[in-house]
Amino acid sequence: MIILDDFIHDDYILNAFSDIKLWEQMHEEPEGLRYNNINNIPYKAANQLIYQIKNTFWVNKKWEALEYWVNITYKDAELDWHVDKNERLAEEEDKIVCPQIGAVWYGHPDVSNVQGGYLEIQNNNGDLERIQPIYNRIVVFDVSQEHRVAPIYDGVRCGFQVNLW
């Protein structure tokens with residue numbers, strides 16, 4: 001797992017993701033949009049963010065596709081324990097196929113006001129990792145490990161997720 005604070009320095013990306021309307025617009029898209037070419041991503045800021053992530057952490061990885069989505073999680077909400085997987089294969093063939101790696105980036109400034117909403121990861125050795133959502137923090141981790149968003153007691157948690165297949 002890699003946790004990096006103050007990840008993005010590009011003003012265009014930071015300014016674009018500071019607008020909750022962009023988050024809301026992307027949140028309305030079908031979850032887990034898959035692309036074989038980063039250039040096909042319809043949002044310029046998302047395209048540039050994914051390039052930054054790929055070129056920082058995954059420059060030498062071979063990949064067939066990537067998917068991204070955003071979660072906007074409000075007070076009194078949580079996201080249950082799960083692994084990221086090919087949902088169609090899991091449902092139709094009862095087969096679990098997970099991405100190579102995934103990341104979550106906290107790119108909306110208000111995330112620093114969230115109480116709760118930790119990313120919790122159950123490691124293979126039984127340890128529980130709890131990562132606080134902090135503005136401009138990225139967490140790169142093995143998304144085949146059980147993880148969740150812990151309950152939010154106050155505020156709004158915006159997370160940009162990307163998985164490499």
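**Exercise 1. Determine how strand β7 pairs with β8, and place both strands in their sheet.**

Solution. Strand β7 covers residues 119–122 and pairs with β8 in the antiparallel sense over four bridges. Strands here are DSSP runs of E with at least two residues, helices are runs of H or I with at least four residues, and both are numbered from the N terminus. Two strands pair if DSSP finds at least two bridges between them. The model is predicted: local features need pLDDT of at least 70, side-chain atom pairs count only at pLDDT 80 or more, and totals for chains, interfaces and linings use all residues. Residues are numbered from 1 along each chain as its sequence is written, and side-chain values use heavy atoms, with hydrogens and water left out.

Within the pairing of β7 and β8, I121 stands opposite E129 in β8. The next step is the sheet, which is open, has four strands in the order β4-β10-β7-β8, and shows antiparallel pairing. Its edge strands, β4 (79–82) and β8 (128–131), each pair on one side only. From one strand to the next the twist averages 15°, where axes are lines fitted to C-alpha atoms (for helices over the stretch in contact) and angles run from 0 to 180 degrees between N-to-C directions.

**Exercise 2. State where D76 and N136 lie, and decide whether each is buried or exposed.**

Solution. Most residues other than glycine have a negative phi. D76 has a positive phi, near 70°, and is placed in the loop between β3 (66–73) and β4. N136 also has a positive phi, near 65°, and is found in the loop between β8 and β9 (137–141).

Accessibility is classed as buried under 20% relative accessible area, exposed over 50%, and partly exposed in between (1.4 Å probe, protein chains only). D76, at 67%, therefore counts as exposed. N136 has a relative accessible area of 3% and is therefore buried.

**Exercise 3. Describe the aromatic pairs that F17 forms with W23 and F160.**

Solution. Rings of Phe, Tyr and Trp (its six-membered ring) pair if their centres lie within 6.5 Å; planes under 30 degrees apart count as stacked, over 60 as edge-to-face and the rest as tilted. The whole structure holds five aromatic pairs. One of them joins F17 and W23, edge-to-face, at 5.3 Å centre to centre and 65° between the planes. F17 and F160 are likewise edge-to-face, at 5.6 Å and 85°. This second pair links distant parts of the chain, since F17 belongs to helix α1 (residues 11–17) and F160 to strand β12 (residues 157–164), 143 residues apart.

F17 is buried at 0% relative accessibility, W23 is buried at 0%, and F160 is also buried. One aromatic cluster is formed by F17, W23, Y68, W105 and F160.

**Exercise 4. Establish how strand β5 is enclosed and which strands it joins.**

Solution. Strand β5 (residues 101–106) has six of its six residues buried, so it is largely enclosed by the rest of the structure. In a regular strand the side chains alternate between the two faces of the sheet. On one side of β5 I101, A103 and W105 are buried, and on the other G102, V104 and Y106 are buried.

Five bridges join β5 to β12 in antiparallel fashion, with G102 opposite N163 in β12. Five bridges also join β5 to β9, again antiparallel, with V104 opposite V139 in β9.
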